[in-house]
Amino acid sequence: MSDPAKVRRHAERIRELVASLVRSQIKDPRLGMITITDARITADLRDATVFYTVLGDAAAQASTAAALESAKGMLRSTVGKALGLRHSPTLTFVLDDVQDQVKHIDDLLAAARNADAEVQRLAATSSYAGEAQPYRVEDEDEDSPAGNAAAGDEPTGDDEPRGGDRR
C-alpha cells in the first residue's frame with residue numbers, strides 16, 4: 001500500500017490541477033460557477049473522486065455535471081501527466097451538497113429554538129394540575145412505628161427457640 005502522506009499529497013495536487021484546468025482550459029458554455037472543494041484518491045492511486053459545488057439552481061448543477069463529464073478525458077490525461085504516475089487515476093465528479101446540508105441543519109435548529117421558546121412561554125403561565133407537593137409527607141409522632149421503636153420497646157430475643165426442635 002502507499003504511504004498515507006503520499007496519498008494526501010496526490011489528492012491535494014489533483015484538487016489544485018482540476019481547479020486550474022476547469023478555470024483555464026474548459027471552454028464549455030454549460031460550465032457554471034464551479035468551485036472544486038475536495039479531492040480524494042484511493043490508496044492504490046487509481047481512482048480519484050473530485051467534489052465540487054455549483055452556484056445556481058438545479059439546472060445549473062445538471063449542466064455543469066454534463067460539462068465535467070464531457071471534459072473528463074482531457075482532465076484525466078492532464079492530471080496523469082502532471083502527477084507522473086504509472087497509471088492515470090480515473091476521475092469521478094461528485095456534487096458536494098454541503099451548503100444544502102448546512103441550510104437544512106440551520107432550519108432544524110431554528111425550528112427547535114422556536115419550539116423551545118413556545119414551551120417556555122407556556123410554562124411561564126401554567127400552574128400545577130394538583131397540589132404543589134404531590135408526595136405525602138408524614139409527621140414524626142409517637143404513634144408511628146418509628147416512634148415506638150425509639151421509646152425502648154425492643155424485642156429481647158428470649159422468646160425465640162434456639163437450635164432445632166427438642167422433644
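E16 is partly exposed in this predicted model, with a relative accessible area of 40%. Its side chain meets that of R13 in a salt bridge, at 4.0 Å from N to O. If you trace helix α1, you will find E16 and R13 both there, three residues apart, or about one turn of the helix. R13 has a relative accessible area of 36%, so it too counts as partly exposed, because that class covers values between 20% and 50%.

Stay in helix α1 for another pair. The side chains of R15 and E12 also form a salt bridge, and here the N to O distance is 2.5 Å. Once again the spacing is three residues, about one turn, with R15 and E12 both within helix α1. How accessible is R15? Its relative accessibility is 23%, so R15 counts as partly exposed. E12 comes out at 35%, which means that E12 is placed in the partly exposed class.

Now move along the chain to helix α4, which spans residues 98–124. There, E118 forms a salt bridge with R121, and the closest N and O atoms are 2.5 Å apart. These partners both belong to α4 and sit three residues from each other, about one turn of the helix. E118 has a relative accessible area of 36% and is therefore partly exposed. For R121 the relative accessibility is 48%, so R121 is partly exposed as well. The three pairs described here are among the salt bridges of the model, whose count comes to seven.

With those charged pairs in view, let us turn back to the start of the chain and look at a pocket. Which residues line the largest pocket? They are A19, V22, R23, I26, K27, L31, I34, T35 and I36. Two elements give two or more residues each to this lining: α1, covering 4–24, and β1, covering 33–41. Helix α1 thus appears twice in our tour, as the home of the R15 and E12 pair and as a contributor to the pocket lining.

What kinds of residue make up that lining? Six are nonpolar, one is polar and two are charged. R23 and K27 are among the lining residues, and both Lys and Arg count as charged. T35 is on the list too. As for the space inside, the largest pocket holds about 160 Å³.

Definitions and conventions
Residues numbered from 1 in each chain as written. Predicted model: local features only at pLDDT ≥ 70, side-chain atom pairs only at ≥ 80, totals over all residues. Heavy atoms only, no water. 1 Å grid on protein atoms, 1.4 Å probe; cavity = no way out; pocket = protein on both sides within 12 Å on 5 of 7 lines; lining within 4 Å. Points joined across faces, edges and corners; volume = space filled by probe spheres on them. Helix = DSSP H or I, 4+ residues; strand = E, 2+ residues; numbered from the N terminus. Buried < 20%, exposed > 50% of the residue type's maximum accessible area, 1.4 Å probe, protein only.
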